[in-house]
Amino acid sequence: LPSIPTRLVRPDTSPKEYPGVVKPRDGAGSWLVRRLNQLSDWQRAAPEYQQAGLTECLWQPWIPGRPLSVGVLC
């Protein structure tokens, strides 16, 4: 199955490409998931990650389309 390109980013650095989605590396649900359109969005979101004690988060490019959740059992 194809997957969205994903890379780690630290809250004390900034992503180089926008728009994108940032989310905690571990966990589930929508806690601290943010869509970021520009650098100023990241500058507002990064302190939330630092306050939560997170040292890494996931960065993915924004891909327009319909939201979809999928489960796979093998």
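This is a short tutorial dialogue on reading a predicted model.

Q: Let's start with the sheet. What is the order of the strands, and how do they pair?

A: The sheet is an open one of four strands, and going across you meet β1-β4-β2-β3, with antiparallel pairing. Don't expect the order in space to follow the numbering, which runs from the N terminus.

Q: Which strands stand at the edges?

A: Look for strands with a single partner. Here those are β1 (7-9) and β3 (34-36), so each has one side left without a neighbour in the sheet. On average, and ignoring direction, neighbouring strands are turned by 35 degrees against each other.

Q: How many bridges join β1 to β4?

A: Three, and the two strands run antiparallel. To find one by eye, go to L8: its bridge partner in β4 is L58.

Q: Which strands does helix α1 touch?

A: Helix α1 covers residues 39-51 and packs on the sheet, where it touches β1, β2 (20-24), β3 and β4. Compare its direction with that of β3 and you get an angle of about 150 degrees.

Q: What about the loop between β3 and α1: which residue could I look at there?

A: Try N37, which has its place in that loop. Its relative accessible area is 42%, so N37 is partly exposed, given that this class sits between 20% and 50%.

Q: Which residues is N37 in contact with, leaving aside neighbours within four places in sequence?

A: Y18 and P19. You can also check the distance to V21: N37 and V21 are 16 residues apart in sequence, and their C-alpha atoms are 8.7 Å apart in space.

Q: On to charges. How many salt bridges does the structure hold?

A: The general idea is that side chains of opposite charge can pair when their charged atoms come close. This structure holds four salt bridges. One of them joins E56 and R25, with the closest N and O atoms 2.5 Å apart.

Q: Where do E56 and R25 lie?

A: E56 is in the loop between α1 and β4, while R25 is in the loop between β2 and β3, so this pair ties together parts 31 residues apart in sequence. Both ends are partly exposed: E56 has 28% relative accessibility, and R25 has 45%.

Q: Which residue forms a salt bridge with E48?

A: That's R34, and the closest N and O atoms of the pair are 2.7 Å apart. E48 belongs to helix α1 and R34 to strand β3, so the bridge ties together parts 14 residues apart in sequence. E48 counts as partly exposed at 29%, and R34 is partly exposed too, at 27%.

Q: How far apart in helix α1 are D41 and R44?

A: They're three residues apart, which puts about one helical turn between them. Their side chains meet in a salt bridge, 2.5 Å from N to O.

Q: Are D41 and R44 buried or exposed?

A: It depends on which end you look at. D41 counts as buried, at 13% relative accessibility, whereas R44 is exposed, at 53%.

Q: Last one: which residues form the nonpolar patch on the surface?

A: Go looking for L1, L68, V70 and V72, which together have about 540 Å² of accessible area. V72 lies in the segment after β4 (57-61). With 53% relative accessibility, V72 counts as exposed.

Key. Residues numbered from 1 in each chain as written. Predicted model: local features only at pLDDT ≥ 70, side-chain atom pairs only at ≥ 80, totals over all residues. Heavy atoms only, no water. Patch = residues over 30% accessible without salt bridge, like charges linked within 9 Å, V, L, I, M, F, W, Y side chains within 5 Å. Areas by Shrake-Rupley, 256 points an atom, 1.4 Å probe, with all protein chains shown as cover. Buried < 20%, exposed > 50% of the residue type's maximum accessible area, 1.4 Å probe, protein only. Pairing = 2+ DSSP bridges. Axes fitted to C-alpha atoms, helices over the stretch in contact; angles between N-to-C directions. Contact = heavy atoms within 4.5 Å.
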